Amino acid sequence: MDVVLEMRGIVKDFPGLRANDHISLQLHRGEILALLGENGAGKTTLMNILMGLYAADEGEILIHGKKADIKNPRDANRLGIGMVHQHFKLVHNFTVTENIVLGQEPGNFCYINLKQAAKRVRELSETYGLEIDPDARIESITVGMQQRTEILKMLYRDAEILIFDEPTAVLMPREIDELMQIMRNLAAQGKSIILITHKLKEIKQVADRCAIIRRGKLVDTVSVQETSSQQMADQMVGRKVSFQLDKEPQDAGACVLRVEDLSVKNNLGAMGLKHFSFQVREGEIVGIAGVDGNGQTELVEAIAGLRPSCGGQIWLGEREITHLSVQERIHAGLSHIPEDRQRRGLVLDFTLEENLVLGTCADPPFSRHGLLCRAEMHRHAEQIIENFDIRSSEGTASTAGSLSGGNQQKAIIGRELEKEHRLLIAVQPTRGLDVGSIEYIHRRLLEERRRGKAILLVSLELDEVLELSDRIIAVNNGCLIGELAQADANESNVGLMMAGVARKEERHG
């Protein structure tokens, strides 16, 4: 089999951390190689070296058997290497075509031939099954279409080696299936793909081989067909991983969250949530199931105080919080793991120490007489970093923006669970996390349930909603379609409700 890429003995050190420890791997023509590892294991660092974003301290890279000197992304592009980053690199007020050709515009110094470029984009999209409108603006298309734009950017530059960094973390289930098919099409036409992912299901779906990295070292490279998901998970984490939840039945207590006839407008000014009513009680997890964009964001942001409502009431215990500020809601006992960790969950330029007291930094013990108590902040941060295994190069002094996406997520979860709270709103709590971290977070959520906390779970992972929830509420087009106890719920009936089909007893009863 033709070896298109070889990385030999790659070493990369950061202050206090060896991110890559003598890693070697090969990639063959037409192959999909999965790169599997825990959050902070060094996967993205290794690929950033291949892309010329970092320089390796030791080791060498060979392309088609010849040593390659990759000093920057231009060198990587010239050698036929492209990367779709976890957080897209797109100009939102540019069109799809303008983004794709940016830096390689056809024409001369005084004229850019965008018509020619759009024609080339259409040809590429048809060849590889990437249906997209070349004239659409990035700000007006879905996340899945934005990802297709990133893929077309690579293909426009004749990339032969395509790197996908956590490509499904921001996609809906239907878009994930479409991406899997796109990757198969690319491989069938001779492209070589490196897929960085935590999701074993996706690896089993599309990958040929899997390179497993743990704490910066290559543990093994296995055939995906010949290796079970359990074996890969155990090798990745270094211990036996349990996929079974230890969830004991328990009686729910008093009502903690009560939403009555709530209506909320979306970003376009239309009604995104319509006359929505439900309750969450002590010691209960209520899951919201729905295709992304059907009112979940409006519901969560209205409860958390990030978006005004235009009708209805929200109660936390005996207190109405409909018009309270975010800070007042936090003091009333609300914790919130937001959907967008970078925009809503963290200040990327702040240190971990500072981010882990956001929302409570003005309260004792982190503040006295209007002054921050740095020693208490430091102690608090160290405890969360240890409990949630947050990996960073400089400990509490690391900026949030320097962490991997999974470690950013763990930081937010740690902060919100450590707050004094009665209600936890958990939106996509395990997005971008490896199986070991998912196991731990699920265990912590169930522990919160046992302690009598009320939990509102919003997740696009239907399996997660079905496994964790005591009751499941389906939402479609901003309306509550129906409610099921966990014992009565399965993928089929919840899926129908998500599509807007109410159960018979609810339609007629």
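**Close-up 1. Arg374 and Glu353 form a salt bridge in this predicted model.** The closest N and O atoms of Arg374 and Glu353 lie 4.0 Å apart. This pair links distant parts of the chain, 21 residues apart: Arg374 belongs to helix H13 (residues 374-387), while Glu353 belongs to helix H12 (residues 352-355). If you check the surroundings, Arg374 comes out as partly exposed, with a relative accessible area of 42%. Its partner Glu353 counts as buried, at 10% relative accessibility.

**Close-up 2. Lys240 and Asp234 are joined by a salt bridge.** Here the closest N and O atoms are 3.8 Å apart. Is Lys240 buried or exposed? Lys240 has 61% relative accessibility and therefore counts as exposed, since exposed means over 50%. Asp234, on the other side of the pair, has 18% relative accessibility; that value is under 20%, so Asp234 counts as buried.

**Close-up 3. Glu416 pairs with Arg415 in a salt bridge.** The closest N and O atoms of Glu416 and Arg415 are 2.8 Å apart. Glu416 is buried, its relative accessible area being 2%. Arg415 counts as buried too, at 6% relative accessibility.

**Close-up 4. Salt bridges link Glu6, Arg8, Glu60 and Lys67 into a network.** Have a look at how the side chains of Glu6, Arg8, Glu60 and Lys67 come together in this view, where salt bridges connect them. For the wider picture, the model has a count of 36 salt bridges.

Notes: Residues are numbered from 1 along each chain as its sequence is written. This is a predicted model: local features need pLDDT of at least 70, side-chain atom pairs count only at pLDDT 80 or more; totals for chains, interfaces and linings use all residues. Side-chain values use heavy atoms; hydrogens and water are left out. Buried means under 20% relative accessible area, exposed over 50%, partly exposed in between (1.4 Å probe, protein chains only). Helices (H or I, at least four residues) and strands (E, at least two) are DSSP runs, numbered from the N terminus.
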